[in-house]
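Work through the exercises below with the sequence and the model open. Each task is followed by a solution in steps.

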Amino acid sequence: VRLQQQRHDSYFFSLPPTLFLSIPFPPTQQVFKMPAKYADLSKKAKDTLNKGFDSNNSVKVNTKASNGVGYSASISSKGNGKISGKVGAKFSHSSGFNVKKLEIANNGTLASDVTLTGAVDNVTFNLNVVMQPLALSGAGEKCTVGLDYAHDKAKVTFAVSPLLPTAASISALVQATDNILVGGSYSGELDDSWVHKSGNVGLGYSSGDSVVTLGSCSFFNKFHLNAFHQHSQDIAFAATVGLDRSNISNASVTVGGTYSVDADTTVKAKVSVPKASTDGATAAFGFNQKLNSNVRLTAASTVNLDPQDDLFGASFALGLEFGSV
């Protein structure tokens with residue numbers, strides 16, 4: 001019996017005289033790819049545990065014109081009679097000028113996100129603006145000018161807000177070795193003097209289909225451990241543990257996973273325990289199915305696991321997406 005390597009991902013056993021037995025070895029999928037922002041260090045775990053559990057009833061429409069401009073509209077409601085909506089557009093130009101978001105909400109809030117690439121090698125300039133009508137408090141308004149520098153094994157972001165109070169932030173994520181990621185972020189603002197707002201550091205380990213990250217935020221007052229594992233092409237698991245130094249006994253824990261039933265259907269589930277007890281504990285379920293090339297159905301339900309809560313029960317939300325789904 002002879003063992004022959006035909007490719008890097010398969011082997012053939014030669015059995016005389018002409019019988020061959022093939023044993024396939026699926027290629028390893030690298031779930032974390034550089035360059036990436038520091039904010040995306042735990043993105044895989046966070047997306048698995050947060051996306052697809054929308055508690056709002058919603059309808060979304062997306063379409064794209066022949067000139068490449070994309071249009072979107074959405075309406076959402078929590079079932080309390082209050083409805084919110086927004087319309088938007090996005091487009092890109094061959095010069096590197098990209099309008100990633102231009103949206104106006106039903107309350108008059110205008111939000112835009114504009115980037116420019118190609119002007120300087122490896123650098124992306126960005127402008128993020130949110131404006132609100134005078135009838136609102138204006139607390140949500142912002143104007144941020146920044147740039148991102150990307151290298152094969154590193155990404156650095158810097159942003160400045162000229163509006164009062166003047167603020168600045170910087171972050172970096174570096175691939176120290178093939179499997180080790182190191183990064184951090186800092187932000188502050190100018191009042192009567194410079195005020196430190198946030199300081200975060202993180203360490204990540206990425207190996208094939210798994211990512212584990214350990215981070216600290218609020219100047220080492222809060223810690224979080226995140227893990228993601230792509231068990232197979234159809235199944236993924238994630239977990240996160242949070243710890244606050246001001247109340248160490250109340251560690252928060254969330255575990256969950258996703259299962260792709262087929263190419264068009266995905267189900268998700270998670271259990272959240274925010275206070276190391278049944279107080280505030282919930283179980284959530286999500287369902288996503290592509291009905292056809294233009295329609296997607298989403299559903300989500302959250303069950304309160306605290307038997308002492310007067311609101312012990314479940315909530316349910318439905319969503320429909322039309323257009324490019």
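## Exercise 1: a run of paired strands

Task: In this predicted model, establish how strand 12 and strand 13 pair, and over how many bridges.

Solution. Strand 12 covers residues 166-175 and strand 13 covers residues 180-190; the two pair in the antiparallel sense over 10 bridges. To fix the register, take Ala 168, whose bridge partner in strand 13 is Gly 188. The connection is a hairpin, with 4 residues between strand 12 and strand 13.

Task: Extend the picture to strand 14 on one side and to strand 11 on the other.

Solution. Step one: strand 14 spans residues 194-207 and pairs with strand 13 in the antiparallel sense over 11 bridges. Ser 187 has Ser 198 of strand 14 as its bridge partner. The link from strand 13 to strand 14 is a hairpin through 3 residues.

Step two: strand 11 pairs with strand 12, again in the antiparallel sense, over 8 bridges. Here Val 160 stands opposite Ala 168 of strand 12, and Ala 168 also has Gly 188 of strand 13 as a bridge partner. A hairpin through 4 residues joins strand 11 to strand 12.

## Exercise 2: the largest pocket and the largest cavity

Task: Give the volume of the largest pocket, then find which residues lie nearest its centre and which element gives the most to its lining.

Solution. The space in the largest pocket comes to about 720 Å³. Its lining consists of 35 residues, and those nearest the centre are Asn 128, Lys 142, Thr 144, Ala 159 and Ser 169. Two or more lining residues come from each of strand 8 (110-120), strand 9 (123-131), strand 10 (142-151), strand 11 (154-161), strand 12 and strand 13. Strand 11 contributes the most, with 6 residues.

Task: How many cavities of 30 Å³ or more does a search of the whole structure find, and which residues line the largest cavity?

Solution. The search finds 1 cavity at that cut-off. The volume of the largest cavity is about 30 Å³. Its lining is made up of Asp 54, Ser 55, Ala 300, Ser 301, Thr 302, Ser 315, Phe 316 and Ala 317. Strand 21 (295-304) and strand 22 (314-322) each supply at least two of the lining residues.

## Exercise 3: backbone geometry and rings

Task: Locate the cis peptide bond and place its proline among the elements; then find where Asn 122, with its positive phi, lies.

Solution. The cis bond joins Met 34 and Pro 35, with omega about 0°. Pro 35 is in the loop between strand 3 (19-24) and helix 1 (43-50). Asn 122 is not a glycine, yet its phi is positive, about 65°. This residue sits in the loop between strand 8 and strand 9.

Task: How many aromatic pairs does the structure hold, and which residue lies over the face of Phe 53?

Solution. The count of aromatic pairs is 0. A charge over a ring is nevertheless present: Lys 270 lies over the face of Phe 53, at 4.7 Å from the ring centre.

## Exercise 4: confidence

Task: State the mean pLDDT of the chain and name the stretch in which pLDDT stays under 50.

Solution. The mean pLDDT is 88, and 88% of the residues reach 70 or more. Residues 1-28 stay under 50 throughout. For that stretch the model has 36 contacts beyond four places in sequence.

Key. Residues numbered from 1 in each chain as written. Predicted model: local features only at pLDDT ≥ 70, side-chain atom pairs only at ≥ 80, totals over all residues. Heavy atoms only, no water. Pairing = 2+ DSSP bridges. pLDDT = per-residue confidence, 0-100. Contact = heavy atoms within 4.5 Å. Phe/Tyr/Trp six-rings, centres within 6.5 Å; stacked < 30°, edge-to-face > 60°. Lys NZ or Arg CZ within 6 Å of the ring centre and 35° of its normal. 1 Å grid on protein atoms, 1.4 Å probe; cavity = no way out; pocket = protein on both sides within 12 Å on 5 of 7 lines; lining within 4 Å. Points joined across faces, edges and corners; volume = space filled by probe spheres on them.
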